[in-house]
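Me: Please take a close look at the ligand and the space that surrounds it. I would like one connected account of that site.

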Amino acid sequence: MKIGIESISMYVPRYGMDLRLLADARNVDYAKYKQGIGQEFMSIPSPDEDIVTMGANAAEQAMEGIDPQSIRTVIFATESGIDQSKAAAIYVHKLLDLPQNCRTVEMKQACCSSTSALHFALATIALKPNEKVLIIASDIAKYGLGSAGEPTQGAGAVAMVISATPRILELGPDVGYFTKDVMDFWRPNYKDEALVDGKYSIKVYMDALEHCWEHYQADTNAAFEDFDYFCYHLPFSRMGTKAHSHLARQQKVPLSSQELQRQIEPSLRYNRITGNAYTASLYMGLLSLLDSKELNLAHKKIGFFSYGSGCMGAFFGGTVLPGYQDHLYRSEREAWLRDRKHISYTEYVEFYTHRLPQNGHNYRTSRHRSGSFRLAGVENHQRIYERVPASMGAAADSGKALAAAPAV
Ligand code: HMG
């Protein structure tokens, strides 16, 4: 029995900022962002978007043509949770009108929980092959204005349906794991922005990669050369290049710069123009690779490295299925990415500093460009979501009403 990804889709906000504007504002040489960390553009969520709206937008597309009754589990992976108790999966379950005979949970371990969700899904389907699992990875990466991490910020979601009738990628049971208690990146409950020891986090990422690979290799006898392409967790795109050369060096595989580029460059394209989306980042890299028009990836083997600060890592492999191109939303995705609104530095700061009331007071969010779902406001401490008519999603903003948004 084959088990793997039947459908996959991603959503990023309709707003973003060219990092040239950030470089000017921070008085930094733009080459540091473009070449040094490999970033050109960051996705920025508007005040009427959150992990639920982004996740629901991604999931709606991933569910196209799939019988909702077949979904028995919804797993929402995030580190930008909106509630300490209720799973974000339940909001999406309602927005997508999924069947009531369904379990719905939220998972957390930094950027890596989406990968654990994937492996839990494989195990579930191995036991119950008629069931399908909907996985949603959705996050907003915030480091703070003027912080070293600022140019790596981003936001977005990936949704995947995992089943015994995969059309995109077949996955096996083997995973190399690594867990170690370190403080490289974390976000206490009282903070909106992550705390991070940037240079240390890169070192820990590399250590985790080595250990995960060793564990995977010990279990499977795999060789580096068994993989045609690699996808890494991408906090910024240059991390993928650094990680891949590190693994090749450690494996004593002489890799020319052309071969290194060939193996990972296709997976880096989307990250450069969207930024870090934490749990969704690795899978946006997979979509970036799958969307490469010049490549026929059928039967190609991909090596994946998932990393979540704190820390946990996982290395695993997957094989691309013939016909995968017919089940992607490539042209829609390209148009969406191209048509995003470029905002100014001042608008970025306005979006960035917007906060929902911290006391649960009734509040209506100003309307911005969105996908099919938006956060309408807060009533009695409850977030209120609404479906946006198709004609209005891309419509012009309702003005700069951030500060002046009237109470409900
Ligand atoms: P920084 O200190 O501002 O940058 O922060 P830098 O001084 O290290 O420079 C970065 C690179 O740009 C260097 O290249 C410079 O040489 C180069 P490298 O030495 O790496 O080859 N550079 C230039 N290049 C061209 N022209 C120039 C120029 N100037 C410098 N003029 C840092 C960089 C990544 C630390 C920062 O952005 C940060 O703290 N980011 C957030 C943390 C992070 O992304 N960590 C990655 C690993 S942890 C992870 O992936 C997990 C995570 O996703 C969270 C989770 O799991 O939940 C973050």
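Reply: The ligand occupies the second largest pocket, where a molecule is taken to sit in a cavity or pocket if more than half of its atoms lie within 2 Å of its grid points. The model is predicted, with local features needing pLDDT of at least 70 and side-chain atom pairs counting only at pLDDT 80 or more, while totals for chains, interfaces and linings use all residues. Residues are numbered from 1 along each chain as its sequence is written, and side-chain values use heavy atoms, with hydrogens and water left out.

The search for such spaces runs on a 1 Å grid over the protein atoms alone: a cavity is a set of points where a 1.4 Å probe fits but cannot get out, a pocket is an open set with protein on both sides within 12 Å along at least five of seven lines, and lining residues have an atom within 4 Å of a point. Grid points are joined across faces, edges and corners, and a volume is the space filled by probe spheres set on the points.

The second largest pocket has a volume of about 790 Å³. Its lining comprises 34 residues, with Ala148, Gly149, Thr152, Gly198 and Phe236 nearest the centre. Two or more lining residues come from each of H2, strand S10 (195-196), H6 and H7; helices (H or I, at least four residues) and strands (E, at least two) are DSSP runs, numbered from the N terminus. H6 gives the most to this lining, with 5 residues. By class, the lining of the pocket has 18 nonpolar, 10 polar and 6 charged residues, where Ala, Val, Leu, Ile, Met, Phe, Trp, Tyr, Cys and Pro count as nonpolar, Asp, Glu, Lys and Arg as charged, and the others, Gly among them, as polar.

Around the ligand itself there are 28 residues, of which Lys32, Glu79, Cys111, Ser201 and Lys242 come nearest; a residue belongs here if one of its heavy atoms lies within 4 Å of the molecule. Helix H2 (30-37), helix H6 (198-220), helix H7 (237-250) and strand S12 (301-308) each supply at least two residues of this shell. H6 again gives the most, with 5 residues in the shell around the ligand. The shell has 13 nonpolar, 9 polar and 6 charged residues.

Polar contacts, meaning pairs of N or O atoms within 3.5 Å (within protein, one must be able to donate a hydrogen and the other to accept it, and residues adjacent in sequence count only if both atoms are side-chain atoms), add detail. Ser201 places a polar side-chain atom 2.8 Å from a nitrogen atom of the ligand. An N or O atom in the side chain of Asp29 is 3.0 Å from a ligand nitrogen atom. For Asn276, a polar side-chain atom lies 3.1 Å from an oxygen atom of the ligand. The ligand taken alone exposes 1100 Å², and the protein buries 75% of that, with accessible areas from the Shrake-Rupley method with a 1.4 Å probe (for residues, only the protein chains shown count as cover).
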